Amino acid sequence: MLNPQRSLSELPKMSAASQVERAVLEEEFNWLLKEEVHSVLKQLQDVLKEASRRFSTPTPGLESQQKQENFILGSSTMDQVKGVLTLQGEALTQADINLKVAKSSQVLHFQFREDKLWKLQQIQDARNHVNQALQLLGSHDESYHFKTGAEVNKLMDAVMLQLTRARNRLTTPASMTLPELATSGLMKMFTPPMPGDVMVNFYINLSKLCLTVYQLHVLPSNTTKNFKPAGSSVLHNPGAMFELNNNRFEVSHVHKVECVVPWLNDTLVFFTISLQLCQQLKDKVSVFSSFWNYRPF
């Protein structure tokens, strides 16, 4: 049976030990807020500046630091579509496409007009989100003293939101309807002009630059085929139908070719590293959550 007197006599010792432990933890927490947080912010800024540098955009009339890269599109198993794309940062500055028309030996050749370049919206958006994350990080310089764990978590959550949005823009291409594709500004980029029965789309999927070419045929106005307009999609399949300018079309053939863009792969790695750094800092802050009952973190 426990001795009540003994238990009571030990209470001050336990309390003293608890106070020492709390003092040590509080000192460690203050060091975390003052030193560790800024060390992580510096690492995050360094990584994201590298990511931002990959997104450099060409300035008309000036030599850009971002080099032009040529990518060959094609497939060893399918030669209906071949092409060379020139990418400079977020802009396609040239596209040279050969299309072998289905059921004939005719080869159509298209290229961008010299006065045109095509901004890839996904890369633009990802770059903007990275720059917003950098602005958030830059709003707390080394002289700033974080006072609470909640303040650190709030900043990390805001940075992680921007990084997640940036990553999602590269991993999730936008869905489009076929009429949206047909009336896209992209269709006005080429010389000679695209014929009315061919449509193209460029998009990013992870670290790949993708080109999809759709061949169409006009459905007769008296067609007995059930007409059902296709919805919005990243990639439409043969048989998809749509209506434009009182004409009805059906997709007869779809050709998709792609190539890996190494710096996009680098950028996705930078996003992963940055998100991990943010989460690790949040985890370190949570270790001290026992203090939250004693002082307003």
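A polar contact is a pair of N or O atoms within 3.5 Å; within protein, one atom must be able to donate a hydrogen and the other to accept it. The exercises below concern a predicted model.

**Exercise 1.** Determine which side chain Arg54 contacts, and whether Arg54 is buried or exposed.

*Solution.* Begin with the location: Arg54 belongs to helix H1, which covers residues 4-54. Next, consider the contact. The side chains of Arg54 and Glu50 are joined at 2.9 Å, and the cut-off for a polar contact is 3.5 Å. Finally, take the accessibility. Arg54 has a relative accessibility of 16% and therefore counts as buried, the limit being under 20%.

**Exercise 2.** Classify the ring pair formed by Tyr144 and Phe146, and describe the surroundings of each residue.

*Solution.* The structure contains five aromatic pairs. In the pair of Tyr144 and Phe146, the ring centres lie 5.0 Å apart and the planes meet at 80°, so the arrangement is edge-to-face; the criterion for that class is an angle over 60 degrees. The accessibilities follow. Phe146 is buried, at 0% relative accessible area, whereas Tyr144, at 29%, is partly exposed. Tyr144 also takes part in a contact with a charge: the charged end of Lys147 sits over its ring, 5.8 Å from the centre.

**Exercise 3.** Identify the ring over which the charged end of Arg248 sits, and state which residues ring pairs link into a cluster.

*Solution.* The charged end of Arg248 lies over the ring of Phe227, at 4.1 Å from the ring centre. The cluster linked by ring pairs consists of Phe110, Phe112, Phe190 and Phe202.

**Exercise 4.** Describe how strand S2 pairs with S1 and S3, and how far S2 is enclosed.

*Solution.* Start with S1 (residues 69-73), which runs antiparallel to S2 and is joined to S2 by five bridges. Within this pairing, Ile72 has Val84 of S2 as its bridge partner. Turn then to S3 (residues 91-100), which pairs with S2 in the antiparallel sense through eight bridges. Here Val84 stands opposite Asp96. The connection between S2 and S3 is a hairpin with two residues between the strands, and Gly89 in the turn has a positive phi of about 65°. As to burial, six of the eight residues of S2 (residues 81-88) are buried, so the strand is largely enclosed by the rest of the structure.

**Exercise 5.** Compare the span of helix H2 with the expected value, and name some of its buried residues.

*Solution.* Helix H2 comprises 18 residues, 121-138, and reaches 25 Å from its first C-alpha to its last. This is close to the 26 Å expected at 1.5 Å a residue. Its buried residues include Ile123, Asp125, Arg127, His129 and Leu137.

Key:
Residues numbered from 1 in each chain as written. Predicted model: local features only at pLDDT ≥ 70, side-chain atom pairs only at ≥ 80, totals over all residues. Heavy atoms only, no water. Phe/Tyr/Trp six-rings, centres within 6.5 Å; stacked < 30°, edge-to-face > 60°. Buried < 20%, exposed > 50% of the residue type's maximum accessible area, 1.4 Å probe, protein only. Lys NZ or Arg CZ within 6 Å of the ring centre and 35° of its normal. Helix = DSSP H or I, 4+ residues; strand = E, 2+ residues; numbered from the N terminus. Expected span 1.5 Å × (residues − 1). Pairing = 2+ DSSP bridges.
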